[in-house]
Amino acid sequence: MSRTNRKVAATLREPAELVAHGFAPAADLPDLEKVAARYAVAVTPDIAALIDASDPNDPIARQFIPTPAELVAEENENPDPIGDHVHSPVAGIVHRYPDRVLLKLVHVCAVYCRFCFRREMVGPGKPTALSQAAYDAALDYIRAHPEVWEVILTGGDPLMLSPRRLTEIMADLAGIDHVRIIRIHTRVPVADPARVTREMVAALRVAGATTWVALHANHASELTDRARAACAAMVDAGIPMVSQSVLLRGVNDNVAALEALMRAFVECRIKPYYLHHGDLAPGTAHLRTTLEQGQELMRALRGRVSGLCQPDYVLDIPGGHGKSPVGPNYLSPSNSFSPERERRAETRYRVVDYCGDVHLYPPKP
Ligand code: SF4
């Protein structure tokens with residue numbers, strides 16, 4: 001089948017535009033209008049250019065083009081699936097773990113992911129930014145908590161702010177003695193790499209604190225030449241980068257796709273950090289895998305790529321209980337082995353190698 005990629009001049013935000021450009025069937029338009037009334041839609045020209053409109057299973061389209069399936073909410077889904085609200089002492093702050101806080105500055109993104117865990121909170125219909133008074137109160141909260149070593153700018157996408165505003169914010173945060181790390185979570189380098197200008201890169205560096213950037217991407221094709229150049233500009237400026245991806249059905253739920261993605265990150269000098277299990281956000285069941293599938297994929301990935309390319313597979317526990325690695329586990333007690341063999345070797349553990357073969361390990365070092 002020949003690819004049908006479309007050039008668009010500006011970000012597509014309306015279902016009718018998606019239909020007009022061949023990204024969604026006309027018959028779905030009434031349902032897509034209902035989806036868009038609830039969850040924001042945006043497909044940038046860079047992302048649109050990656051979509052093969054002739055492929056009904058295109059992995060980029062599945063991430064960004066709304067579908068009627070989003071109107072179906074499952075019983076366990078939750079508008080606040082990772083429990084931000086219970087850990088929000090003041091507007092814009094989420095203080096879930098002792099040594100770090102989220103600072104949610106903006107509620108807009110360059111693109112809107114159909115699986116977004118904050119889909120009820122992001123988008124043009126929501127408050128667009130913290131007011132100055134709320135921002136001041138958020139900084140006061142951080143100042144009053146000397147245990148906060150790391151501030152994570154998220155939202156929304158912090159790189160939607162102007163370089164000038166980001167410069168001010170970075171200076172405010174770096175001016176707090178105990179804040180040593182500022183981490184910025186963004187999808188902009190892949191969704192709208194032109195925003196990563198020289199001024200933007202300069203804004204991310206600040207005296208008094210170390211900046212890290214966490215890039216969200218889920219498929220190797222998102223790492224285009226333009227995206228790679230945007231990331232290189234940050235890394236060349238001395239900003240270390242890590243990756244965040246979400247395990248998504250029909251996007252990266254096969255080992256070849258995950259391998260290509262992780263290799264692409266490492267080629268870009270981005271250390272794979274997290275592979276998130278899909279959160280229980282409303283209307284996203286069609287994009288989630290099972291935990292068992294995720295574990296099996298991680299096992300297969302370990303057999304194919306080096307440790308540099310291994311992310312942690314993590315689950316955000318619903319209710320705000322934080323992230324936990326969810327395997328797979330390679331070590332277990334050896335009780336199932338024969339008593340004679342165990343007596344002779346005093347083995348206590350079974351450990352599985354990258355090929356899936358089992359080996360014994362003694363109890364004492
Ligand atoms: S970029 Fe992040 S916050 Fe924005 S829509 Fe995607 S997942 Fe949600």
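How much accessible surface does the protein chain have, and what share of that surface belongs to carbon and sulfur atoms? The accessible surface comes to about 16,700 Å², and 54% of that belongs to carbon and sulfur atoms. Keep in mind that this is a predicted model. The legends below start with the whole chain and then go to single spots.

**Figure 1. The whole protein chain, with its 12 helices and 12 strands.** The radius of gyration is 22 Å, close to the 21 Å that the globule rule gives for 365 residues, so the chain is as compact as a globular protein of that length. Measured out along the principal axes, its C-alpha atoms fill a box of roughly 70 × 55 × 40 Å. Of the 365 residues, 49% are buried. Among contacts with a separation of 6 or more, 73% are between residues 24 or more positions apart. As for charge, there are 40 positive and 43 negative side chains, and the centres of these two sets lie 4 Å apart.

**Figure 2. Arg 118 and Asp 84, joined by a salt bridge.** Side chains of opposite charge can pair when their charged atoms come close. The structure holds 20 salt bridges, and in this one the N to O distance is 2.6 Å. Arg 118 sits in the loop between strand E2 (100-104) and H5, while Asp 84 sits in the loop between helix H4 (59-64) and strand E1 (93-97), so the pair ties together parts that are 34 residues apart in sequence. Are these two residues buried or exposed? Arg 118 is buried, since its relative accessible area is 4%. Asp 84 counts as buried too, at 1% relative accessibility. The two also belong to a wider network of salt bridges, which links Asp 84, Arg 96, Lys 104 and Arg 118.

**Figure 3. Arg 183 and Glu 150, a salt bridge between two strands.** Here the closest N and O atoms are 2.8 Å apart. Arg 183 belongs to strand E4 (residues 181-186) and Glu 150 to strand E3 (residues 150-154), so this pair ties together parts that are 33 residues apart in sequence. Arg 183 is buried, with a relative accessible area of 9%. Glu 150 is buried as well, with a value of 8%.

**Figure 4. Arg 228 and Glu 267, a salt bridge between two helices.** Their side chains meet at 3.1 Å, N to O. Arg 228 is in helix H9 (residues 225-236) and Glu 267 in helix H10 (residues 255-267), so to speak a link between distant parts of the chain, 39 residues apart. How covered are the two ends? Arg 228 is partly exposed, with a relative accessible area of 28%. Glu 267 counts as exposed, at 54% relative accessibility.

**Figure 5. Backbone spots to look at: two cis peptide bonds and a positive phi.** Most residues other than glycine have a negative phi, and most peptide bonds are trans. The bond from Gly 155 to Gly 156 is cis, with omega near 10 degrees. You'll find Gly 156 in the loop between E3 and helix H6 (163-174). Another cis peptide bond joins Gly 327 and Pro 328, where omega is about 5 degrees. Pro 328 lies in the loop between strand E9 (323-325) and strand E10 (331-333). Then there's Arg 269, which is not a glycine but has a positive phi of about 65 degrees. Arg 269 is in the loop between H10 and strand E7 (270-276), and counts as partly exposed at 44% relative accessibility.

**Figure 6. His 276 and the residues it touches.** His 276 is in strand E7 and is buried, with a relative accessible area of 11%. Which residues does His 276 touch, leaving out those up to four places away in sequence? The list is Gln 244, Ser 245, Val 246, Leu 247, Val 314, Asp 316 and Lys 323. Val 19 is 257 residues from His 276 along the chain, and their C-alpha atoms are separated by 31 Å.

**Figure 7. Ala 134 in helix H5.** The helix covers residues 132-143. Ala 134 counts as buried because its relative accessibility is 18%, and the cut-off for buried is under 20%. Leu 173 is 39 residues away along the chain, with 15 Å between the C-alpha atoms of the two.

Conventions:
Residues numbered from 1 in each chain as written. Predicted model: local features only at pLDDT ≥ 70, side-chain atom pairs only at ≥ 80, totals over all residues. Heavy atoms only, no water. Helix = DSSP H or I, 4+ residues; strand = E, 2+ residues; numbered from the N terminus. Rg over C-alpha atoms; globule rule 2.2 N^0.38 Å. Buried < 20%, exposed > 50% of the residue type's maximum accessible area, 1.4 Å probe, protein only. Contact = heavy atoms within 4.5 Å. Areas by Shrake-Rupley, 256 points an atom, 1.4 Å probe, with all protein chains shown as cover. Lys, Arg positive; Asp, Glu negative; His and termini not counted. Charge placed at Lys NZ, Arg CZ, Asp CG, Glu CD. Salt bridge = Lys/Arg side-chain N within 4 Å of Asp/Glu carboxyl O.
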